[in-house]
Amino acid sequence: MRSRLLAVLTALFAAALAATFVLTIGSPARAAAGFTVANGRLYDANGTEFVMRGISHAHTWYQTQTRAFADIKATGANTVRVVLSGGRWPANGAADVANVVNLCRQNRLICVLENHDTTGYGEQSGAVPLATAVDYWIGLRDVLAGQERYVIINIGNEPVGNNAVSPTWTQATTTAIQRMRQAGFDHTLMVDAPNWGQDWRFEMRDNAAAVFAADPDRNTVFSIHMYGVFDTAAEITDYLGRFRTAGLPIVVGEFGHNHSDGNPDEDTIMSYAQANRIGYIGWSWSGNGGGVEYLDMVTNFDPARPTSWGQRIVDGVNGIRSTSREATVFGGGPTGSPTATPTTGPTQTPTAQPTTPPPARGCTAAYRVIGQWPGGFQAEVTVTAGSAGTSGWTVGWSWANGQRINQSWNATLSTSGTAVTARNVTYNGTLGAGASATFGFLGSWTGSNTTPTLTCTAS
């Protein structure tokens with residue numbers, strides 16, 4: 001039913017859109033201290049385009065699950081969207097939010113902080129208006145000032161339900177943005193669509209240009225949530241395409257592979273986003289309830305127990321691991337290679353092995369240290385199939401300096417003395433010709449952390 005409604009509304013609003021979206025978005029009105037928006041693209045503080053590849057973490061309900069930040073980083077994500085509350089749910093005060101930002105920076109993740117209290121306002125009991133969310137952010141002003149290079153503020157999650165409320169989404173969002181600027185926030189701001197984030201009445205789509213222009217910094221990103229309303233490729237490409245044509249910044253701020261209101265087309269969401277350099281953030285790492293437990297990416301916050309949804313968004317086609325690029329503010333260049341030492345968090349010292357083209361009926365493996373700190377490190381290994389592909393693979397090496405593996409993902413690891421053997425798991429052993437799979441681990445070291453020499457065999 002919603003698909004038909006969308007088609008009708010698209011036709012009704014076509015003429016209005018033609019006038020509304022005649023807008024060229026240039027440089028921001030004034031330089032920001034961190035992320036900026038120009039010509040519909042998001043740029044980090046170094047001026048490098050940044051495309052979000054992220055995962056949401058329900059921090060407000062699981063405040064002790066701080067290991068989730070490192071586990072999310074281990075998927076290759078460059079962004080974590082963190083659920084916060086001012087009191088509708090367990091409150092996140094200044095000290096906790098400061099710790100969250102520190103965890104993001106330590107794990108070289110861009111922090112999208114969102115206030116969840118606004119969810120379903122006008123329809124769901126207990127929800128608060130965007131004005132109250134702005135009050136919450138103003139209360140955190142001292143914590144967030146100076147973090148513009150690492151933090152994007154998502155003012156309010158899904159701030160209007162399906163019922164009409166006053167002020168309208170357009171009025172409330174414009175006022176919220178302007179109040180944030182008046183309070184001194186120089187961060188890039190993210191605003192969610194109405195209608196539980198899915199904008200099936202197209203209020204955000206039709207008024208995005210005016211809302212963007214109302215931001216004195218011209219530094220606002222629009223976020224659409226794609227669940228059952230976006231169950232066809234045509235709906236997805238039409239909605240996102242209109243923002244791209246208009247030069248307005250858009251991200252898919254939430255989406256899943258299934259939902260109670262329908263079956264979203266996650267394949268098109270991910271492929272279109274990748275082809276058009278649009279950010280996406282999947283919902284969510286773990287801890288879902290109320291009948292949507294299938295949206296967990298791992299079971300009980302255990303990265304060794306990925307769900308089918310977790311496998312799809314991380315290691316599937318156009319998934320996070322293969323398309324994510326770390327923000328250069330952490331010391332890397334556009335592809336994540338290091339050029340400087342970050343001001344906080346682990347020191348990054350990647351040492352990728354020289355590789356040669358894989359043999360026809362074999363594979364090669366390349367080792368890289370993602371991050372290193374006193375006594376510990378994180379590494380990943382990329383396995384690449386030869387021209388005949390693989391049905392399984394095994395990687396082996398020996399430690400030269402007594403390193404030890406404490407935790408691993410996307411491979412079954414065994415050790416014997418200094419020797420390590422890593423074998424594929426069920427979902428990443430079959431690789432097409434020239435295709436790759438990546439596994440990773442957390443380890444400990446003393447003295448030095450020499451890069452081992454790897455062998456790779458395929459079946």
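Two strands count as paired if DSSP finds at least two bridges between them. Keep that cut-off in mind as you work through this predicted model.

**Exercise 1. Decide how β13 and β14 are related, and place them in their sheet.**

Step 1. Count the bridges: 10 of them join β13 to β14 (residues 376-385). The cut-off is at least two, so β13 and β14 pair, and they run antiparallel.

Step 2. Find a facing pair of residues: Thr364 stands opposite Thr384 in β14.

Step 3. Widen the view to the open sheet, where four strands follow the order β13-β14-β19-β16 with antiparallel pairing. Its edges are β13 (363-373) and β16 (404-409), each pairing on one side only. From one strand to the next, the twist averages 25°.

**Exercise 2. Trace the barrel and find what lies across it.**

Step 1. Follow the order β3-β4-β5-β6-β7-β8-β9-β10: these eight strands close into a barrel with parallel pairing. Neighbouring strands here are turned by 25° against each other on average, direction ignored.

Step 2. Test one pair with the same cut-off. Strands β6 (residues 151-154) and β7 (residues 189-192) are joined by two bridges and run parallel. The requirement is at least two, so this pair qualifies. Within it, Ile153 stands opposite Leu189 in β7.

Step 3. Add the helix: α7 (residues 203-214) lies across β7, β8 (220-226) and β9 (250-255), and runs at about 165° to β8.

**Exercise 3. Find the disulfides and work out the handedness of each.**

Step 1. Searching the whole structure gives two disulfides. In sequence order, the bonded cysteines pair 1-2, 3-4.

Step 2. Take Cys104 and Cys111, joined with an S to S distance of 2.1 Å. Their link has 55° about the S-S bond and is right-handed. Cys104 has a relative accessible area of 1% and Cys111 one of 0%; buried means under 20%, so Cys104 is buried and so is Cys111.

Step 3. Turn to Cys363 and Cys456, whose sulfur atoms are 2.0 Å apart. The torsion about their S-S bond is about -105°, so this disulfide is left-handed. Because Cys363 lies in β13 and Cys456 in β20 (residues 455-458), the pair ties together parts 93 residues apart in sequence.

**Exercise 4. Judge where the model deserves caution.**

Step 1. Start with the chain: its mean pLDDT is 87, and 86% of its residues reach 70 or more.

Step 2. Look for weak stretches. Over residues 1-32 the pLDDT stays under 50, and over residues 333-349 it is below 50.

Conventions
Residues are numbered from 1 along each chain as its sequence is written. This is a predicted model: local features need pLDDT of at least 70, side-chain atom pairs count only at pLDDT 80 or more; totals for chains, interfaces and linings use all residues. Side-chain values use heavy atoms; hydrogens and water are left out. Axes are lines fitted to C-alpha atoms, for helices over the stretch in contact, and angles run from 0 to 180 degrees between N-to-C directions. Contact means heavy atoms within 4.5 Å. pLDDT is the predictor's confidence in each residue, from 0 to 100. A disulfide is a pair of cysteine sulfur atoms within 2.5 Å. Buried means under 20% relative accessible area, exposed over 50%, partly exposed in between (1.4 Å probe, protein chains only).
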